[in-house]
Amino acid sequence: MTAVSVSLGVGPNGGASSPSAPASPLAAAAAEARERAAARERAREERRARLAGVNRRRRSDTELWEIARRGQEELGGSGPGSPDEATAEEVIAWAVREFGDGLAVASSMTDSVLSYLVSRQLPWVDVLFGDTGYHFAETLGTRAAVEHELDVTVVDVRPLLTVAQQDAVHGPDLFERDAEACCRMRKVEPMRQVLAGYEAWATGLRRGDSVTRREAPLVTWDSSNNLVKINPIAAWSDDDLVSFALRHRLVVNPLLNDGYPSIGCEPCTRRVAPGEDPRAGRWAGLDKVECGLHV
Ligand code: SF4
């Protein structure tokens, strides 16, 4: 095999640039991007080191339950959807005050709006990504772009078994025969284990996602995972989300613009037709609308 080397440092006459020649605009942009990424990585390392040296006590479930109750009272206004509910920024400010680094963000890498919003008030916040092993290439690309572009720490939450190991133990394509078991092993249980290390999690859940989420509060006690659950953008519409992402030039999953308004694992997500329920493409044909994390 012949090795091919490609140099971006091509001089004005097509020859190799000398060390003293000015860098091409492309090379300068690449160097700047590398430096930005390296600076982000250094900041993440510093935060990890800082947190490793702190002996944080996770408050008891009773204490956290009381904080959730108080948060709902302070931020929830007259109820879900009421005009006196707190804004997303106000909810996040409250959460950062109450929990600091005990707060994590969960992201399906459909977009980066919530991660961005939280990172503005809590730089290098942990962003938990359920890496099931079944994601679209576009979703994995979005995850990489989020890590590159935002002041966050992406944490890949992986199941105990790889897809190959699961196939060997439970038979191939378990999602076709028992989606509940597959979601439980690949999403719900790994996330539950990781969430046990935090006091609160922020999710991008929105009331417009589906009928089951229509009454989602801004703050609640998550009795399935035993921590405070915060839904800062619960009141946002699709238009709110898209226009915010465009205004702030945020990373979004390209599948959103390709007929996938709700994006999960590739084998369990199909395109939806215009006018169809946005979540109709998830587990289509099955009596299943949630992976189990948000129930
Ligand atoms: S969405 Fe499908 S592939 Fe992904 S964990 Fe659930 S059942 Fe398995």
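Good morning. I begin with Cys-268, which lies in the segment after helix 9, itself spanning 238–247. The structure is a predicted model, and Cys-268 is a convenient point of entry to it.

Cys-268 counts as buried because it has 20 C-beta neighbours inside 10 Å, and 20 or more is the cut-off for that class. Setting aside neighbours within four places in sequence, Cys-268 is in contact with Phe-175, Ala-179, Arg-282 and Trp-283.

Which other residues share an annotation with Cys-268? An unreviewed UniProt entry places the feature "binding site" at Cys-182, Cys-183, Cys-265 and Cys-268. These four are spread over 87 residues of sequence, yet they cluster in space, with a largest C-alpha distance of 11.0 Å.

Let me turn to Cys-183. This residue is found in helix 8, which covers residues 179–195. Is Cys-183 buried or exposed? Cys-183 counts as buried, because 24 C-beta neighbours lie inside 10 Å. Beyond four places in sequence, Cys-183 is in contact with Val-188, Cys-291 and Gly-292.

One of those contacts, Cys-291, has a record of its own: UniProt, again in an unreviewed entry, places the feature "active site" there. Cys-291 also lies in the segment after helix 9. With 24 other C-beta atoms within 10 Å, Cys-291 is therefore buried. Leaving out residues up to four places away in sequence, Cys-291 touches Cys-183, Lys-187 and Val-188.

I now come to the ligand. Around the ligand there are 13 residues, of which Phe-175, Cys-182, Cys-183, Cys-265 and Cys-268 come nearest. Which element gives the most to this shell? Helix 8 does, with five residues. By character, the shell divides into nine nonpolar residues, two polar and two charged.

Next, the protein in outline. Its secondary structure comes to nine helices and six strands. Taken along the principal axes, the C-alpha atoms fill a box of roughly 70 × 45 × 40 Å. Of the 295 residues, 34% count as buried. Among contacts between residues at least 6 apart in sequence, 67% join residues at least 24 apart.

UniProt also lists a domain, "Phosphoadenosine phosphosulphate reductase", at residues 105–270, from an unreviewed entry. Over residues 105–270 the chain is 37% helix and 15% strand, and the end C-alpha atoms are 26 Å apart.

What of the interior? In soluble globular proteins, nonpolar side chains tend to be buried together. In this model, the largest nonpolar core has 57 residues, and Ala-95, Val-105 and Val-125 touch the most other members. Not counting residues up to four places away in sequence, Ala-95 touches Leu-103, Ala-200, Ala-202 and Ile-230.

Ala-137 offers a contrast to these buried positions. Ala-137 lies in helix 5, residues 137–149, and is exposed because it has 10 other C-beta atoms within 10 Å. The C-alpha atoms of Ala-137 and Leu-255 are separated by 9.9 Å, while the two residues are 118 residues apart along the chain.

Two details of the backbone also deserve mention. Met-109 is not a glycine, yet it has a positive phi of about 60°. Met-109 lies in the loop between strand 1, at 103–106, and helix 4, at 113–121. With 26 other C-beta atoms within 10 Å, Met-109 is therefore buried. The second case is Asn-226, a residue other than glycine whose phi is positive and near 55°. Where does Asn-226 lie? Asn-226 is in the loop between strand 5, at 219–222, and strand 6, at 227–230. Asn-226 counts as partly exposed because 14 C-beta neighbours lie inside 10 Å.

Finally, a word on confidence. The protein averages a pLDDT of 90, and 93% of the residues score at least 70. Over residues 1–17, however, pLDDT stays under 50. For that stretch the model has 14 contacts beyond four places in sequence.

To close, I return to the cysteines. Cys-183 carries the UniProt "binding site" feature and is in contact with Cys-291, where UniProt places "active site". Cys-268, with which I began, is among the residues that come nearest to the ligand. Thank you.

Conventions:
Residues are numbered from 1 along each chain as its sequence is written. This is a predicted model: local features need pLDDT of at least 70, side-chain atom pairs count only at pLDDT 80 or more; totals for chains, interfaces and linings use all residues. pLDDT is the predictor's confidence in each residue, from 0 to 100. Two residues are in contact if their C-beta atoms, placed from the backbone, lie within 7 Å. UniProt positions are given in the numbering used here, feature names are shortened, and annotations may be inferred rather than shown by experiment. Helices (H or I, at least four residues) and strands (E, at least two) are DSSP runs, numbered from the N terminus. A residue is buried if 20 or more other C-beta atoms lie within 10 Å of its own, exposed if 12 or fewer, and partly exposed in between; C-beta atoms are placed from the backbone. A residue is near a molecule or strand if its C-beta atom, placed from the backbone, lies within 6 Å of it. Ala, Val, Leu, Ile, Met, Phe, Trp, Tyr, Cys and Pro count as nonpolar, Asp, Glu, Lys and Arg as charged, and the others, Gly among them, as polar. A nonpolar core is a set of buried Ala, Val, Leu, Ile, Met, Phe, Trp, Tyr and Cys residues joined through C-beta atoms within 7 Å.
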